[in-house]
Amino acid sequence: MKTTTIAALSGLAALLLAGCQSTEQWMASTRPTALDAAEKRGRFELNCPGATGQVLNEQDVQPEFQSVRFQAPDRAVYTIGVSGCGMRATYVVVCPHDGSVDCFAADGQR
C-alpha cells in the first residue's frame, strides 16, 4: 500500500511541475509589463511622451526570509533605462511572482 501511495504522490508532483513555468519563461513573460511600467513613469517624469525604455539588467530575487507561516514570493527585478527628449532616467522595476501581473517602477536616477 505504501508503494502505491508513493507512486501516486510522485505522479501528482510530476503533473504539477509540468504545468509550472521555468524561471526563464516567467522572466520573459514579465519583461514587457516591467518595460511598460518604467516607460510610463519615465514619460511622466521626463515630460516626454515619446520616451522609450530598454532593459539593462534583470534578475530573479529570492526572498531573504521564509518561515512555515510566511513565504514571500520570488521577485523579478529589472533595471530599465528610459530616454527621450534629450533626457535619460534609470528605474528599478519589481514584479512579484505571486500570480499577479503587477509591476512597479521604483525611484530611479537621472
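Here is a short chat about the fold and core of this predicted model.

Colleague: Let's start broad. What pattern does the protein follow along the sequence?

Modeller: There are 2 helices and 4 strands to place. Read from the start of the chain, the order is α-α-β-β-β-β.

Colleague: And in what order do the strands sit in the sheet?

Modeller: Take the pairings one at a time. β1 and β2 are joined by 9 bridges, β2 and β3 by 10, and β3 and β4 by 2. β1 (52-61) and β4 each pair on one side only, so to speak the edge strands. That gives an open, antiparallel sheet in the order β1-β2-β3-β4.

Colleague: Which residues stand opposite each other, say for Thr52, Thr79 and Val94?

Modeller: Go across the sheet. Thr52 faces a residue in β2, namely Ser83. Thr79 has its bridge partner in β3, and that is Val92. For Val94, the residue opposite lies in β4 (residues 104-105), and it is Phe104.

Colleague: Which residue in the turn between β2 and β3 has a positive phi?

Modeller: β2 and β3 form a hairpin with 2 residues between them. One of the turn residues has a phi of about 55 degrees, and that is Cys85.

Colleague: Where does α2 go, and what angle does its direction make with that of β2?

Modeller: α2 packs on the sheet, where it touches β1, β2, β3 and β4. Comparing its direction with that of β2 gives about 40 degrees.

Colleague: Which element gives the largest share of the largest nonpolar core?

Modeller: That core has 18 residues, and Ala34, Tyr78, Ile80, Val82, Val93 and Cys95 touch the most other members. α2 (23-45), β2 (75-84) and β3 (87-96) each supply at least two residues. The largest share is 5 residues, and it comes from α2.

Colleague: Tyr78 is on that list. Which residues of α2 is Tyr78 in contact with?

Modeller: Leave aside the neighbours within four places in sequence; the contacts of Tyr78 then include Val55, Tyr91, Val93 and Cys95. α2 covers 23-45, and the contacts of Tyr78 that fall in that range are Met27, Thr30, Arg31 and Ala34.

Colleague: How much of the protein is buried?

Modeller: The cut-off for buried is under 20% relative accessible area. On the outside, the protein exposes about 7,700 Å², with carbon and sulfur atoms supplying 56% of it. Of the 110 residues, the buried ones make up 25%.

Terms used. Residues are numbered from 1 along each chain as its sequence is written. This is a predicted model: local features need pLDDT of at least 70, side-chain atom pairs count only at pLDDT 80 or more; totals for chains, interfaces and linings use all residues. Side-chain values use heavy atoms; hydrogens and water are left out. A nonpolar core is a set of buried Ala, Val, Leu, Ile, Met, Phe, Trp, Tyr and Cys residues joined through side-chain atoms within 4.5 Å. Buried means under 20% relative accessible area, exposed over 50%, partly exposed in between (1.4 Å probe, protein chains only). Contact means heavy atoms within 4.5 Å. Two strands pair if DSSP finds at least two bridges between them. Accessible areas come from the Shrake-Rupley method with a 1.4 Å probe; for residues, only the protein chains shown count as cover. Axes are lines fitted to C-alpha atoms, for helices over the stretch in contact, and angles run from 0 to 180 degrees between N-to-C directions.
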